[in-house]
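I have opened my notebook for a new structure. These entries keep track of what I looked up, one topic at a time.

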Amino acid sequence: MGTVAALCRYPVKSMLGETLLSTVVTHAGLTGDRTHAVLDDTGTIGSAKHPRKWGQLLGCRSRLTDDGAVHVELPDGTTLAVGDPELDARLSKLLGREVFVSASAPSGSTLERAVPAYEGGVPDVVRATASVDGTGEEITVGNVAAGTFFDFGRVHLVTTSSLEGLRSRCPDSDFDPRRFRPNLVVDTGGQRDFVEDTWVNRRVRVGEALFRVVVATPRCVVPTLGHDELGADPGIMRAIAREHRIPVFDLGRLACLGVYLDVLEPGTVRVGDAVARQDEP
(Lines give C-alpha, C1' and ligand atoms only; values in the text may rest on other atoms or scores of the structure.)
Protein backbone atom coordinates (compact mmCIF):
# COMPACT_ATOMS: atom_id res chain seq x y z
CA MET A 1 0.00 0.00 0.00
CA GLY A 2 2.95 2.31 0.59
CA THR A 3 5.79 3.21 2.94
CA VAL A 4 6.09 5.60 5.87
CA ALA A 5 7.63 8.81 4.55
CA ALA A 6 7.30 10.85 7.77
CA LEU A 7 6.31 10.46 11.41
CA CYS A 8 5.10 13.43 13.45
CA ARG A 9 3.79 14.08 16.95
CA TYR A 10 2.41 17.17 18.64
CA PRO A 11 2.84 16.95 22.43
CA VAL A 12 0.72 20.08 23.05
CA LYS A 13 -2.51 20.32 21.08
CA SER A 14 -2.50 22.99 18.34
CA MET A 15 1.19 23.79 18.74
CA LEU A 16 3.79 22.84 16.15
CA GLY A 17 5.30 19.44 16.85
CA GLU A 18 8.33 17.38 15.96
CA THR A 19 9.34 14.86 13.32
CA LEU A 20 10.62 11.44 14.33
CA LEU A 21 12.59 8.61 12.79
CA SER A 22 10.78 6.03 14.93
CA THR A 23 8.20 5.93 17.69
CA VAL A 24 6.32 3.47 19.86
CA VAL A 25 2.59 3.40 19.16
CA THR A 26 0.29 2.45 22.04
CA HIS A 27 -3.48 2.09 22.16
CA ALA A 28 -3.50 5.82 22.97
CA GLY A 29 -1.64 6.72 19.75
CA LEU A 30 1.95 7.80 19.16
CA THR A 31 3.89 8.05 22.41
CA GLY A 32 3.78 11.67 23.53
CA ASP A 33 1.18 12.83 21.02
CA ARG A 34 -1.43 15.36 22.22
CA THR A 35 -0.72 14.53 25.85
CA HIS A 36 -1.19 18.19 26.84
CA ALA A 37 -3.31 21.16 25.86
CA VAL A 38 -3.69 24.82 26.75
CA LEU A 39 -6.90 25.57 28.65
CA ASP A 40 -8.50 28.75 29.91
CA ASP A 41 -10.46 29.27 33.12
CA THR A 42 -13.75 28.36 31.42
CA GLY A 43 -12.48 24.85 30.67
CA THR A 44 -12.21 25.56 26.94
CA ILE A 45 -9.44 23.54 25.26
CA GLY A 46 -7.10 25.64 23.16
CA SER A 47 -7.49 24.77 19.49
CA ALA A 48 -6.38 26.63 16.39
CA LYS A 49 -9.69 25.52 14.89
CA HIS A 50 -10.84 28.84 16.40
CA PRO A 51 -7.97 30.93 15.03
CA ARG A 52 -9.11 34.33 16.28
CA LYS A 53 -8.99 33.04 19.84
CA TRP A 54 -6.24 30.39 19.75
CA GLY A 55 -4.38 30.74 16.44
CA GLN A 56 -1.21 32.07 18.10
CA LEU A 57 -0.59 28.60 19.52
CA LEU A 58 0.67 27.66 16.05
CA GLY A 59 3.56 30.04 16.68
CA CYS A 60 4.75 27.77 19.51
CA ARG A 61 6.50 24.42 19.17
CA SER A 62 6.22 21.50 21.61
CA ARG A 63 8.73 18.68 22.03
CA LEU A 64 9.04 15.58 24.18
CA THR A 65 12.45 15.17 25.78
CA ASP A 66 14.26 11.89 26.33
CA ASP A 67 13.27 11.92 30.01
CA GLY A 68 9.57 12.33 29.15
CA ALA A 69 9.23 16.05 29.86
CA VAL A 70 7.37 18.35 27.47
CA HIS A 71 9.09 21.59 26.50
CA VAL A 72 7.54 24.51 24.63
CA GLU A 73 9.46 26.91 22.42
CA LEU A 74 7.68 30.27 22.35
CA PRO A 75 7.59 32.58 19.31
CA ASP A 76 10.55 34.60 20.64
CA GLY A 77 12.71 31.46 20.89
CA THR A 78 12.44 31.05 24.67
CA THR A 79 12.04 27.40 25.72
CA LEU A 80 10.26 26.48 28.95
CA ALA A 81 9.13 23.20 30.46
CA VAL A 82 5.49 22.35 31.00
CA GLY A 83 4.90 22.79 34.72
CA ASP A 84 7.02 25.94 34.91
CA PRO A 85 4.70 28.79 36.04
CA GLU A 86 6.61 31.10 33.71
CA LEU A 87 5.31 29.13 30.73
CA ASP A 88 1.69 29.65 31.75
CA ALA A 89 2.40 33.34 32.36
CA ARG A 90 4.05 33.76 28.94
CA LEU A 91 1.23 31.91 27.16
CA SER A 92 -1.34 34.04 28.99
CA LYS A 93 0.41 37.19 27.77
CA LEU A 94 0.59 35.79 24.22
CA LEU A 95 -3.14 34.99 24.14
CA GLY A 96 -4.33 38.00 26.14
CA ARG A 97 -6.10 36.07 28.91
CA GLU A 98 -5.32 33.63 31.69
CA VAL A 99 -4.44 30.17 30.36
CA PHE A 100 -2.46 27.18 31.57
CA VAL A 101 -1.03 23.95 30.13
CA SER A 102 -2.81 20.82 31.35
CA ALA A 103 -2.12 17.09 31.03
CA SER A 104 -5.79 16.19 31.49
CA ALA A 105 -9.09 17.34 30.08
CA PRO A 106 -11.40 18.35 32.95
CA SER A 107 -14.92 16.96 32.87
CA GLY A 108 -17.10 19.18 30.72
CA SER A 109 -14.23 20.71 28.75
CA THR A 110 -15.26 22.05 25.36
CA LEU A 111 -13.57 22.78 22.06
CA GLU A 112 -14.54 25.62 19.73
CA ARG A 113 -14.41 25.49 15.94
CA ALA A 114 -14.80 28.33 13.47
CA VAL A 115 -17.59 27.71 10.96
CA PRO A 116 -16.37 27.94 7.34
CA ALA A 117 -18.55 29.64 4.77
CA TYR A 118 -18.06 27.03 2.05
CA GLU A 119 -20.35 24.01 1.72
CA GLY A 120 -18.97 20.79 3.14
CA GLY A 121 -16.86 22.46 5.80
CA VAL A 122 -19.13 21.42 8.64
CA PRO A 123 -22.16 19.09 8.90
CA ASP A 124 -25.43 20.93 8.36
CA VAL A 125 -26.76 19.68 11.69
CA VAL A 126 -23.73 21.20 13.42
CA ARG A 127 -23.86 24.44 11.41
CA ALA A 128 -27.39 24.93 12.70
CA THR A 129 -26.02 25.19 16.26
CA ALA A 130 -23.46 27.91 15.44
CA SER A 131 -23.35 31.23 17.28
CA VAL A 132 -21.15 34.32 17.17
CA ASP A 133 -18.78 34.69 20.11
CA GLY A 134 -16.97 37.68 21.58
CA THR A 135 -14.31 37.62 18.85
CA GLY A 136 -16.98 38.14 16.18
CA GLU A 137 -16.35 34.64 14.81
CA GLU A 138 -19.18 32.23 14.06
CA ILE A 139 -18.32 29.08 15.99
CA THR A 140 -19.66 25.74 17.09
CA VAL A 141 -18.86 24.16 20.45
CA GLY A 142 -18.23 20.46 20.95
CA ASN A 143 -16.14 17.97 22.87
CA VAL A 144 -12.92 16.05 22.37
CA ALA A 145 -12.76 12.26 22.50
CA ALA A 146 -13.48 11.22 26.10
CA GLY A 147 -10.46 11.42 28.39
CA THR A 148 -8.14 12.73 25.66
CA PHE A 149 -7.20 15.84 23.71
CA PHE A 150 -7.87 14.14 20.37
CA ASP A 151 -10.73 15.42 18.22
CA PHE A 152 -11.56 11.87 17.13
CA GLY A 153 -9.07 9.21 15.99
CA ARG A 154 -5.87 8.43 17.89
CA VAL A 155 -3.72 8.43 14.75
CA HIS A 156 -4.06 10.55 11.61
CA LEU A 157 -2.65 9.50 8.22
CA VAL A 158 -2.31 11.32 4.90
CA THR A 159 -0.97 9.98 1.61
CA THR A 160 1.33 11.48 -0.98
CA SER A 161 -1.14 10.46 -3.71
CA SER A 162 -3.83 12.74 -2.33
CA LEU A 163 -1.48 15.65 -1.77
CA GLU A 164 -0.01 15.34 -5.28
CA GLY A 165 -3.47 15.02 -6.79
CA LEU A 166 -4.59 18.22 -5.11
CA ARG A 167 -1.41 20.01 -6.20
CA SER A 168 -2.03 19.05 -9.82
CA ARG A 169 -5.67 20.19 -9.72
CA CYS A 170 -5.08 23.32 -7.65
CA PRO A 171 -1.56 24.56 -8.48
CA ASP A 172 -2.11 27.93 -6.81
CA SER A 173 -2.33 26.34 -3.34
CA ASP A 174 0.39 24.82 -1.19
CA PHE A 175 -0.47 21.27 -0.10
CA ASP A 176 2.50 20.75 2.19
CA PRO A 177 1.65 17.78 4.46
CA ARG A 178 2.60 19.78 7.56
CA ARG A 179 -0.51 21.91 7.11
CA PHE A 180 -2.69 18.88 7.86
CA ARG A 181 -0.86 17.88 11.07
CA PRO A 182 -0.68 14.14 10.34
CA ASN A 183 1.04 11.52 12.45
CA LEU A 184 1.86 9.38 9.42
CA VAL A 185 2.66 10.55 5.91
CA VAL A 186 2.52 7.51 3.63
CA ASP A 187 4.27 7.48 0.27
CA THR A 188 1.78 5.74 -2.01
CA GLY A 189 3.82 6.14 -5.18
CA GLY A 190 1.73 6.38 -8.32
CA GLN A 191 -1.54 5.20 -6.79
CA ARG A 192 -4.68 7.17 -7.54
CA ASP A 193 -5.78 10.28 -5.68
CA PHE A 194 -7.48 9.64 -2.33
CA VAL A 195 -6.57 5.96 -2.39
CA GLU A 196 -6.89 5.98 1.40
CA ASP A 197 -10.67 6.25 1.02
CA THR A 198 -10.62 2.60 -0.04
CA TRP A 199 -8.84 1.62 3.17
CA VAL A 200 -11.74 2.52 5.48
CA ASN A 201 -12.80 -0.44 7.66
CA ARG A 202 -9.63 -2.35 6.72
CA ARG A 203 -6.79 -3.46 8.98
CA VAL A 204 -3.34 -2.21 8.02
CA ARG A 205 0.03 -3.23 9.40
CA VAL A 206 2.60 -0.43 9.73
CA GLY A 207 5.89 -1.71 11.04
CA GLU A 208 5.11 -3.62 14.23
CA ALA A 209 1.76 -1.88 14.86
CA LEU A 210 -1.65 -2.91 13.58
CA PHE A 211 -4.35 -0.35 12.89
CA ARG A 212 -7.94 -0.22 11.74
CA VAL A 213 -8.82 2.58 9.34
CA VAL A 214 -11.95 4.14 10.81
CA VAL A 215 -13.11 7.07 8.70
CA ALA A 216 -11.98 9.81 6.34
CA THR A 217 -10.73 12.94 8.12
CA PRO A 218 -13.02 15.98 7.81
CA ARG A 219 -10.91 19.11 7.50
CA CYS A 220 -11.20 22.40 9.35
CA VAL A 221 -9.71 25.87 9.00
CA VAL A 222 -6.26 24.91 10.36
CA PRO A 223 -4.62 23.95 7.01
CA THR A 224 -5.27 27.49 5.75
CA LEU A 225 -3.29 29.10 8.58
CA GLY A 226 0.40 29.92 8.64
CA HIS A 227 2.51 27.00 9.93
CA ASP A 228 6.10 27.76 10.90
CA GLU A 229 7.65 29.07 7.65
CA LEU A 230 4.53 28.16 5.62
CA GLY A 231 2.39 31.22 4.98
CA ALA A 232 -1.37 31.40 5.24
CA ASP A 233 -3.19 29.91 2.23
CA PRO A 234 -6.93 30.62 2.45
CA GLY A 235 -7.70 28.77 -0.78
CA ILE A 236 -6.69 25.34 0.48
CA MET A 237 -9.93 24.32 2.14
CA ARG A 238 -12.13 25.65 -0.65
CA ALA A 239 -10.06 23.53 -3.03
CA ILE A 240 -10.55 20.41 -0.92
CA ALA A 241 -14.26 21.13 -0.57
CA ARG A 242 -14.48 21.45 -4.36
CA GLU A 243 -12.38 18.37 -5.16
CA HIS A 244 -13.14 15.87 -2.41
CA ARG A 245 -16.40 15.93 -0.49
CA ILE A 246 -17.41 12.45 0.64
CA PRO A 247 -19.90 10.90 3.11
CA VAL A 248 -18.73 10.76 6.74
CA PHE A 249 -20.86 8.56 9.00
CA ASP A 250 -24.36 10.12 8.99
CA LEU A 251 -23.04 13.69 8.87
CA GLY A 252 -23.39 14.24 5.13
CA ARG A 253 -20.72 14.93 2.52
CA LEU A 254 -17.74 16.75 4.03
CA ALA A 255 -14.44 18.08 2.72
CA CYS A 256 -11.93 15.37 3.66
CA LEU A 257 -8.26 14.58 3.33
CA GLY A 258 -6.58 11.63 5.03
CA VAL A 259 -8.00 9.02 7.41
CA TYR A 260 -8.24 8.40 11.14
CA LEU A 261 -6.88 5.14 12.55
CA ASP A 262 -7.50 3.20 15.74
CA VAL A 263 -4.67 1.12 17.21
CA LEU A 264 -5.38 -2.62 17.40
CA GLU A 265 -1.88 -3.82 18.30
CA PRO A 266 0.82 -1.53 19.72
CA GLY A 267 4.37 -1.60 18.39
CA THR A 268 7.23 0.44 16.99
CA VAL A 269 6.81 2.30 13.70
CA ARG A 270 9.76 3.67 11.74
CA VAL A 271 10.26 5.89 8.71
CA GLY A 272 10.59 3.54 5.74
CA ASP A 273 8.31 0.85 7.19
CA ALA A 274 5.90 -0.81 4.80
CA VAL A 275 2.18 -0.12 5.07
CA ALA A 276 0.39 -3.36 4.23
CA ARG A 277 -3.18 -4.56 4.25
CA GLN A 278 -3.83 -7.32 6.76
CA ASP A 279 -6.96 -9.40 6.26
CA GLU A 280 -9.20 -10.30 9.17
CA PRO A 281 -8.18 -13.59 10.83
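**Entry 1: a sheet.** In what order do the three strands of the open sheet come? I found the order E4-E3-E20, with antiparallel pairing. Before going on, I noted that this is a predicted model, where local features need pLDDT of at least 70, side-chain atom pairs count only at pLDDT 80 or more, and totals for chains, interfaces and linings use all residues. Residues are numbered from 1 along each chain as its sequence is written, and side-chain values use heavy atoms, with hydrogens and water left out.

I also wrote down my terms. Strands are DSSP runs of E with at least two residues, numbered from the N terminus. Two strands pair if DSSP finds at least two bridges between them.

Strands E4 (29-30) and E20 (267-270) are the edges of this sheet; each has a single partner strand, so one side of each has no neighbour in the sheet. I then looked at E3 (residues 22-26), which pairs with E4 over two bridges in the antiparallel sense. Val25 has Leu30 in E4 as its bridge partner.

**Entry 2: strand E1 and its partners.** Which strands does E1 join by bridges? I followed E1 (residues 2-9) to E21 (residues 274-278), where two bridges join the antiparallel pair. Gly2 has its bridge partner, Val275, in E21. Four bridges link E1 with E15 (residues 184-187), again antiparallel, and here Val4 is matched with Val186. Three bridges link E1 with E2 (residues 18-20), also antiparallel, and Arg9 is matched with Glu18.

**Entry 3: the largest pocket.** I used this rule: on a 1 Å grid over the protein atoms alone, a pocket is an open set of points where a 1.4 Å probe fits, with protein on both sides within 12 Å along at least five of seven lines; lining residues have an atom within 4 Å of a point. The volume is the space filled by probe spheres set on the points, which are joined across faces, edges and corners.

The largest pocket holds about 960 Å³ of space. Its lining has 46 residues, and Lys49, Arg113, Asp151, Pro218 and Tyr260 lie nearest its centre. The elements giving two or more residues to this lining are E11 (110-114), E13, E14, E17 (209-218) and E19 (253-265). Strand E17 gives the largest share, four residues.

**Entry 4: Phe152.** Where is Phe152 found? I located Phe152 in the loop between E13 (138-142) and E14 (155-159). Phe152 is partly exposed, at 36% relative accessibility. (Buried means under 20% relative accessible area, exposed over 50%, partly exposed in between, with a 1.4 Å probe and protein chains only.)

**Entry 5: salt bridges.** My rule here was a side-chain nitrogen of Lys or Arg within 4 Å of a carboxyl oxygen of Asp or Glu. How many salt bridges does a search of the whole structure find? The search finds 22.

I picked three to compare for burial:

- Arg34 meets Asp33 at 3.1 Å, N to O, and both residues are buried.
- Arg179 meets Asp174 at 3.5 Å, N to O; Arg179 is buried at 2% relative accessible area, whereas Asp174 is partly exposed at 29%.
- Arg277 meets Asp279 at 2.9 Å, N to O, and both residues are exposed.

Last, I noted that Arg169, Asp193, Arg242 and Glu243 are joined into one network by salt bridges that share partners.
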